[in-house]
Amino acid sequence: MCSSDLGSPFLLVGVTLLSLIYAFLVKWRQNLWPAMAAHALFDGVQLLVIVPFALRALGEGKAAALLFLW
């Protein structure tokens, strides 16, 4: 995550929504494992699908600069 993303309102909304979903899973199932599995699934999709797609969309030069700054 870039330091410029830390102040993004969209990031705040996304983190809040995901946190509420994970909290609901813990409360509903009375167990931490479903929330951990959901978090792992979200991270896996982000790592294996979203990030490669975004890097291809940016192009080789911008993607290399972005990864260097990250």
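This report covers the fold, confidence, aromatic contacts and surface of one predicted chain.

## Basis

The model is predicted: local features need pLDDT of at least 70, side-chain atom pairs count only at pLDDT 80 or more, and totals for chains, interfaces and linings use all residues. Residues are numbered from 1 along each chain as its sequence is written, and side-chain values use heavy atoms, with hydrogens and water left out.

## Fold and confidence

The chain has three helices and zero strands. Its pattern along the sequence is α-α-α. Helices (H or I, at least four residues) and strands (E, at least two) are DSSP runs, numbered from the N terminus.

Mean pLDDT, the predictor's confidence in each residue from 0 to 100, is 83 for the chain. Of the residues, 76% score at least 70. Helix 1 (residues 9-29) has the highest confidence, at 93. Helix 3 (residues 60-69) has the lowest, at a mean of 66. Where pLDDT is low, the predicted coordinates should not be read in detail.

## Aromatic contacts in helix 1

The whole structure holds one aromatic pair (Phe, Tyr and Trp rings, the last by its six-membered ring, with centres within 6.5 Å; planes under 30 degrees apart are stacked, over 60 edge-to-face, the rest tilted). F24 and W28 form this pair, and it is stacked: 5.9 Å centre to centre, with 10° between the planes. Both residues lie in helix 1, four residues apart, about one turn of the helix.

W28 has a second contact. The charged end of R29 sits over the W28 ring, 5.3 Å from its centre. The criterion is NZ of Lys or CZ of Arg within 6 Å of the ring centre and within 35 degrees of the ring normal. W28 counts as exposed because its relative accessibility is 56% (buried is under 20%, exposed over 50%, partly exposed in between; 1.4 Å probe, protein chains only).

## Surface and helix 2

Of the 70 residues, 7% count as buried. The accessible surface (Shrake-Rupley, 1.4 Å probe; for residues, only the protein chains shown count as cover) comes to about 6,000 Å². Carbon and sulfur atoms own 75% of that surface.

L41, V45, L47, L48, V49 and I50 form a nonpolar surface patch, together about 610 Å² of accessible area. L41 lies in helix 2 (residues 33-58). L41 is exposed, because its relative accessible area is 59%.

P34 is also placed in helix 2. P34 is partly exposed, at 25% relative accessibility. P34 and Y22 are twelve residues apart in sequence and 8.2 Å apart in space, C-alpha to C-alpha.

Terms used:
Patches are made of residues with over 30% relative accessible area and no salt bridge: like charges are joined within 9 Å, nonpolar side chains (Val, Leu, Ile, Met, Phe, Trp, Tyr) within 5 Å. A salt bridge is a side-chain nitrogen of Lys or Arg within 4 Å of a carboxyl oxygen of Asp or Glu.
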